[in-house]
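Here is a short report on how two protein chains and two DNA strands are arranged. Please look at the structure first.

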There are 2 protein chains.
Amino acid sequence: MPSETFYNLNESKKQRVLNSAINEFAEYGYTKASITRIVNEAKIAKGSFYQYFENKFDLFEYIIELVFERKMKYINKKINTNNDKFDFFEYWRMLNKAGIKFAKDNKQLAIISLSLIKNKDKNEFKKIIDKFQPVGNEMFEKLLEKALREGQIRNDIDKKYISHLLYKSSFFITEYFLEENDVDNFDEFLPLVENMMDIIGFGIKKEVD
Amino acid sequence: MPSETFYNLNESKKQRVLNSAINEFAEYGYTKASITRIVNEAKIAKGSFYQYFENKFDLFEYIIELVFERKMKYINKKINTNNDKFDFFEYWRMLNKAGIKFAKDNKQLAIISLSLIKNKDKNEFKKIIDKFQPVGNEMFEKLLEKALREGQIRNDIDKKYISHLLYKSSFFITEYFLEENDVDNFDEFLPLVENMMDIIGFGIKKEVD
DNA sequence: GTATAATATGAATATAGAGTCATGTGAATA
DNA sequence: TATTCACATGACTCTATATTCATATTATAC
């Protein structure tokens, strides 16, 4: 957690520090991110940085919290939840679409949150991931359970595994979007997403009639 | 590429160096892997190492080549190709199964090859990945094309995207296998793999009859 | 047995990054 | 004006890394 000192800073300096850190983590990832570069870009002294944050991890943890906060806010705004007529596929579609829309509007934040997921092997990250796990895997498991109860889903599937698959596929889509596409032609990308969701829904095999 | 000197080494020393490097890369990944630890474990001098390899990257490149070579050999051995009656789903099933079987029998090698895929953002790795790309993405694209021509697959799917999905899903399966499972109970894992392939084949939606 | 080539060695060098600390500054308070 | 407090500073330390190089050892050739 940042120190009181950091919170007391005037908004513009605070933003300079945060933006600089976000740039750095998005470009270099956690391990290779350099405090020296961060403080240079933010135009503050090395010593000042250590008045604000305990260490590099402390800063990273804070940035991740920011990212998830903003992402949740963004997604919740985009999703309309009339809970009475719950349709799993509809809900899932909205989630995924909102996810890439977020990535489109917040490319760097999206990259940082991907880097977290992709490196969950790193011991240091376990602590952070556990904090946000309920938002991920478990959420999908609950959604799936509900959909199963309401008969929207084949009941011969492995629930735990498929929720993992769905959870991961949402990142997969974002990854594919950020890597293979010009973030700007978002509209051209949407049909692909529909395609993929369709496939998880119906499969790729041609039915014999 | 290793130097002549390295190739001239007696087999046992060569193996000591390679095993030590494989251990190191599997445990720490490329960036955090330490030459000092590698030479200590291999019981050779620092200087000797630099007689064998230009630098850390040179060593890594060589290890990756080894990994892919062994993996290809392994998979080709497991796959029976009676090409006359090609069945896409059958072939794909065999590929995936052989893939996790390889991971089971060569855990460290599998981890290293995953680390490569997972960090394809790292500029240094691009060169290596390009070298092995034809084995990955493009192979699936060709398989898909053939399957489409032979009417085994829905023709309203996006070919490029789906081949990417299939390519990635093979790593996804391996990843899930290595992370969430005791590598030893391979047999308990197989049904899950079938389940996943089944889903990509048929989807998860319950059909209304 | 001597000369030459191949291989081995690890102390020394170079570099880079995280984190520290003694000191400076400027504003509020008494 | 003097004192206190919050914040700022960057040279410095500490540590870890990759890579080099002068020298030693061993094997091979003649």
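The sections below cover the pairing of the chains and then each DNA strand.

## Symmetry of the chains

This is a predicted model. Chain A superposes on chain B after a rotation of 179° with 0.1 Å of shift along the axis. The RMSD is 0.2 Å. That is the relation of a two-fold axis. Both copies use the same surface: 96% of the contact residues of chain A recur in chain B.

## Surface near DNA strand C

There are 18 residues around DNA strand C. G47(A), N55(A), N8(B), A45(B) and G47(B) come nearest.

Which helices each supply at least two residues of this surface? From chain A they are α3 (35-42) and α4 (46-52). From chain B they are α1 (4-8) and α4 (46-52). α4(B) gives the largest share, four residues. By class, five residues near DNA strand C are nonpolar, nine are polar and four are charged.

## Surface near DNA strand D

DNA strand D also has 18 residues around it. The nearest are N8(A), A45(A), G47(A), G47(B) and N55(B).

Here α1 (4-8) and α4 of chain A each supply at least two residues. So do α3 (35-42) and α4 of chain B. Which helix supplies the largest share of the surface near DNA strand D? It is α4(A), with four residues. The surface near DNA strand D divides into five nonpolar, nine polar and four charged residues.

Key
Residues are numbered from 1 along each chain as its sequence is written. Chains are lettered from A and ligands numbered from 1 in the order in which they are written. This is a predicted model: local features need pLDDT of at least 70, side-chain atom pairs count only at pLDDT 80 or more; totals for chains, interfaces and linings use all residues. Copies are superposed by least squares on the C-alpha atoms of residues with pLDDT of at least 70 in both. Two residues are in contact if their C-beta atoms, placed from the backbone, lie within 7 Å. A residue is near a molecule or strand if its C-beta atom, placed from the backbone, lies within 6 Å of it. Ala, Val, Leu, Ile, Met, Phe, Trp, Tyr, Cys and Pro count as nonpolar, Asp, Glu, Lys and Arg as charged, and the others, Gly among them, as polar.
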